[in-house]
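Open the structure in your viewer and keep the selection box ready. We will go stop by stop.

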Amino acid sequence: MNEVYEKLRACADAVRARTDFAPRVAIVLGSGLGAFADGLDEIVSAVDYADIPGFPQSTVQGHRGRFVFGYERGVPVVVMQGRVHYYEGYAIEDVVLPIRLMGLLGAKTLLLTNAVGAINASYRSGDFMLLRDHILYGVPSPLIGANLDALGTRFPDMSEVYSKSLRDKVRAAAERLGVALREGVYIQTSGPQFETPAEIRAFAALGADVVGMSTACEAVAARHMGLEIAGISCVSNLAAGLSQTALTHEEVQAAADAAAPRFMALVSAAIAAMGE
Ligand code: HPA
């Protein structure tokens, strides 16, 4: 058997040894959203990443490492409290292992959340954006290597990574909640350095509205498996060159924390809509 697939199966077995919970929606929590998992309507069980042999451990401050299983608005969910990023030094197949794992555990839909820098000049810090599409820039495809036939096809279609029907549902849910939601294109860089102003001008020309370091590769792996995906970004800062001040991780974290209560309400509403 393929090494990547063997490791994935072993991780799935380790989780299954601890819980038989069957999630319908999988959720990845971005910066500032960690507390969402603690506040689920009902927590049924939790599995620390450290207790899953071979599972990549997140090294980023502010990211807690565990899966939380439970119910939100009556929808059975698995929540990733803390993700791993390519810039931490993991092989790309390890970066997306948690996503594939949640798919193997039975999740049919995936909600990806993140903090981003705004490239689109009309966006402001604290805005939310629904992902319409993405650009994977300078990050290898997580599908490179022998194809995992058990998961999906060798050359998967990516013409609708972020499901139109889920986007409609999430947009309607945001409207009901009274939260403004933009819709645009996310570009993923490897990081960990923030971009230069010249890079941001180039990304604007490529058609990107926001930039981040996490989500597109996860979406590619999930789409390969046939998961239906929705993505919501929280703008934590204006991208390099669009504001007068230098970027810091602390600023991103503080802005993400400040937006967290509104973001959590939006995520909860999105889960209810996705579980319909
Ligand atoms: N660039 C890349 N990733 C980010 C940013 C940014 O400006 N803000 C939050 N994540």
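A residue counts as buried here when its relative accessible area is under 20%. F55 has 5% relative accessibility, so F55 is buried. Keep that cut-off in mind for the whole tour. One caution before moving on: this is a predicted model.

**Stop 1: helix 1**

Select residues 3-16. This is helix 1, with 14 residues. From its first C-alpha to its last, helix 1 reaches 20 Å, close to the 20 Å expected at 1.5 Å a residue.

Now look at how helix 1 begins. Show the side chain of N2. One of its oxygens comes to within 2.7 Å of the backbone nitrogen of V4.

Which residues of helix 1 are buried? Colour Y5, L8, C11, A12, A14 and V15, and you have them. An α-helix has 3.6 residues a turn, so residues three or four places apart point the same way. Next, show what covers these buried residues. The cover includes strand 3 (66-72) and helix 4 (97-104).

**Stop 2: the cores**

Stay with the buried residues. The largest nonpolar core has 43 residues. Which of them touch the most other members? Select F67, L101, M102 and L110. Helix 1 gives this core its largest share, six residues.

Zoom in on L101. Leaving out residues up to four places away in sequence, L101 touches L8, C11, A12, V15, F55 and F67. Another core lies apart from the largest one. This other core has 29 residues, including L29, A37, V68 and A259.

**Stop 3: aromatic rings**

Show the aromatic side chains. The count comes to eight aromatic pairs. Start with F55 and F67. Their ring centres are 5.5 Å apart and their planes stand at 80°, so this pair is edge-to-face. F55 sits in the loop between strand 2 (42-48) and strand 3, while F67 is in strand 3. They are twelve residues apart, and the pair links distant parts of the chain. F67 has a relative accessible area of 0%, so F67 is buried.

Now jump to F128 and F263. What kind of pair do they form? The pair of F128 and F263 is tilted, with 5.0 Å from centre to centre and 40° between the planes. F128 belongs to strand 6 (residues 128-136) and F263 to helix 8 (residues 249-274). These two residues are 135 residues apart, and their pair also links distant parts of the chain. F128 is buried, at 1% relative accessibility. F263 is buried too, with a relative accessible area of 1%.

Finish this stop with a group selection: F21, Y49, F55, F67, F69 and Y71. Ring pairs link these residues into a cluster.

**Stop 4: E218**

Select residues 215-224 to show helix 7, then pick out E218 within it. Is E218 buried or exposed? Its relative accessible area is 1%, so E218 is buried. What is E218 in contact with, leaving aside neighbours within four places in sequence? Show V28, R83, V84, V96, I99 and L112.

**Stop 5: strand 9**

Select residues 228-238, which make up strand 9. Strand 9 is mostly covered, with nine of its eleven residues buried.

Add strand 5 (residues 109-118). Strand 5 and strand 9 run parallel and are joined by ten bridges. To see one partnership, select L111 and its bridge partner in strand 9, A230.

Then add strand 6. Strand 6 and strand 9 run antiparallel, with three bridges joining them. Select M129 and S233: S233, in strand 9, is the bridge partner of M129.

Note on methods
Residues are numbered from 1 along each chain as its sequence is written. This is a predicted model: local features need pLDDT of at least 70, side-chain atom pairs count only at pLDDT 80 or more; totals for chains, interfaces and linings use all residues. Side-chain values use heavy atoms; hydrogens and water are left out. Helices (H or I, at least four residues) and strands (E, at least two) are DSSP runs, numbered from the N terminus. The expected span of a helix is 1.5 Å times one less than its number of residues. Buried means under 20% relative accessible area, exposed over 50%, partly exposed in between (1.4 Å probe, protein chains only). Contact means heavy atoms within 4.5 Å. A polar contact is a pair of N or O atoms within 3.5 Å; within protein, one must be able to donate a hydrogen and the other to accept it, and residues adjacent in sequence count only if both atoms are side-chain atoms. Rings of Phe, Tyr and Trp (its six-membered ring) pair if their centres lie within 6.5 Å; planes under 30 degrees apart count as stacked, over 60 as edge-to-face and the rest as tilted. A nonpolar core is a set of buried Ala, Val, Leu, Ile, Met, Phe, Trp, Tyr and Cys residues joined through side-chain atoms within 4.5 Å. Two strands pair if DSSP finds at least two bridges between them.
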